[in-house]
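This report describes how a protein model meets two DNA strands and how parts of its interior are arranged. Please keep the sequence and the structure in view while reading.

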Amino acid sequence: MWFVTAFAAMATTEPVVALIDCNSFYASCERVFRPDLQRTPVVVLSNNDGCVIARSADAKPFVKMGEPYFKIKGLLRKHGIVAFSSNYALYGDLSQRVMTVIEGLVPRVEVYSIDEAFADLTGLPTDLEFLGRRIRSQVLQCTGIPVGVGISTTKTLAKLANHAAKTWQRQTGGVVDLRDPVRREKLLRVMPVEQVWGIGRRLTASLQEMHITTALDLARADARTLRKRFSVVVEKTARELRGIPCLELEEVAPPRQAICCSRAFGMRQTELAPIREAVAAYTTRAAEKLRAQRSLCRQLRVSIRTGMFNPDEAKFAKGIVVTLPYPSDDTRLLIRAALEGLEQVFRDGYAYAKAEILLLDLRQRGEFTDDLFAATQPAAAEQLMGIMDRINGRWGRGTIHPGRVSSQPAWGMKQELLSPGYTTRLEQLWRVGCR
DNA sequence: TCTGGGGTCCTAGGACCC
DNA sequence: TCTGGGGTCCTAGGACCC
């Protein structure tokens, strides 16, 4: 008899995956150190205070995602909605804390984005809904960030379960276990296909032509047809909706294949000089990211563009790829290449809004063996970069920087509503009590 | 006046090789 | 008379995600 039960237990060890997702993450971060805003709707703006990129739940009925700030200033005032510039130092730090708490509660975690993590719960002997609630309460207690938990047998279904947990927060308590097939079908039936992870605007339109309008329709569609008509990605999505895992948990993120630093200027720039400064600064940042993942790059693309929305502005955009003499992570060499490229693409007579640096053809150290006699990066450069990174790591980004990069730039971002670096800057620590 | 900043993966098509 | 077919690599562009 024990054999039979043991066998039955083994046979039911199906894969289980959870998606833990922070609610309105950026807005929640802003509230952590502003308890007075707990009941006040909050929105967070993009760089340069351009448009809305995050909204607290109580701001959602009033403000659309992506809405330009200048258009909705009056509306925000009318409804008493508080706006913040984005404070990535704060969000990044709180994100790390959230992930640390989750990693302490479950064995295998994939940090999927700044505010989401997948967890493998396969074979855990506990009540999973209980575990979900535990994760929620623990993260909230340790960080002040509310999260939702979706549980199912595939990543795509866990995403959907999480979505349901958010949509019906009151009824579900923020945790939905979607392993039961009956429950799963019930949810898939009411879930519009555009809510499915991996199905964007274009695919939704094409799927609707084929009368696939709900998640259930997609799950039941013929996989081969989907592959032929669209791609393997859509095919996998459909299989995952059926409960067949096609996407693995990726605990260690592979090194990036491209690194980008792209930012709009605080105000339009017509002269070459300030744009040179901005390009040097962006390149410095990109090179830091490059070294952080211990890669070298062989190519760099620099591009600039004017504003793209205002019909009265003359439009211009151009980029160029520059190849380095050898694979490198030396900020100085990269800046030199980027400025060379900039000279070639810059045209007088335009009001530039944005520059972008893209590091391409990345490889890990020791990966390239193409030419025995090809030059390689001097050891002195590696040492210097290492020292720079250590100083900036210890004393804060930008403590030491190339002379070309200005610390009070004319092109800098507009951040008029920036909250303090509560957790990342000593002089901006949260003050409690004592007036 | 004013509209984000990162990334990934896939496919199609051309060049080229044998 | 007759002019293949399979494979690889690269690039551009599209679609998606957060």
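How do the residues of the surface near DNA strand C divide into nonpolar, polar and charged? There are five nonpolar, three polar and five charged residues on that surface. In this classification, Ala, Val, Leu, Ile, Met, Phe, Trp, Tyr, Cys and Pro count as nonpolar, Asp, Glu, Lys and Arg as charged, and the others, Gly among them, as polar.

The model is predicted: local features need pLDDT of at least 70 and side-chain atom pairs count only at pLDDT 80 or more, while totals for chains, interfaces and linings use all residues. Residues are numbered from 1 along each chain as its sequence is written, chains are lettered from A and ligands numbered from 1 in the order in which they are written, and side-chain values use heavy atoms, with hydrogens and water left out.

**DNA strand C**

A residue is near a strand if one of its heavy atoms lies within 4 Å of it. Around DNA strand C there are 13 residues, of which D115, K159, G198, R202 and L203 come nearest. Of the strand's atoms that come within 4 Å of the protein, sugar and phosphate account for 100%. The table below includes polar contacts to this strand (a polar contact is a pair of N or O atoms within 3.5 Å; within protein, one must be able to donate a hydrogen and the other to accept it, and residues adjacent in sequence count only if both atoms are side-chain atoms).

| Residue and its atom | Atom of DNA strand C | Distance |
|---|---|---|
| D115, polar side-chain atom | sugar or linking oxygen | 3.0 Å |
| W197, N or O atom in the side chain | sugar or linking oxygen | 3.3 Å |
| G200, polar backbone atom | phosphate oxygen | 3.2 Å |

Two or more residues of the surface near DNA strand C come from each of β5 (108-113) and α9 (201-209). Helices (H or I, at least four residues) and strands (E, at least two) are DSSP runs, numbered from the N terminus. The largest share, three residues, is that of α9.

**DNA strand B**

DNA strand B has 23 residues around it, and S46, N47, C260, S262 and A264 come nearest. Here sugar and phosphate make up 77% of the strand's atoms that come within 4 Å of the protein. Polar backbone atoms of the protein meet phosphate oxygens of this strand at Q257, at 3.1 Å, and at C260, at 2.4 Å. At K289, a polar side-chain atom lies 3.4 Å from a phosphate oxygen.

Both α12 (232-241) and β9 (259-269) supply at least two residues of the surface near DNA strand B. With seven residues, β9 gives the largest share. By class, this surface has 10 nonpolar, seven polar and six charged residues.

**The interior**

Helix α2 (residues 25-32) is mostly covered, with eight of its eight residues buried; buried means under 20% relative accessible area, exposed over 50%, and partly exposed in between (1.4 Å probe, protein chains only). Among these buried residues are F25, E30 and R31. The buried residues of α2 pack against β1 (17-22), β2 (42-45), β3 (52-55), β4 (82-85), α4 (88-103) and α5 (128-143).

S85 has its place in strand β4. Why does S85 count as buried? S85 is buried because its relative accessible area is 0%. A polar atom of the S85 side chain lies 3.4 Å from the backbone nitrogen of E416, and the side chain of S85 also reaches the backbone nitrogen of L418 at 3.4 Å. Not counting residues up to four places away in sequence, S85 touches residues including E30, V44, D49 and Y91, where contact means heavy atoms within 4.5 Å.
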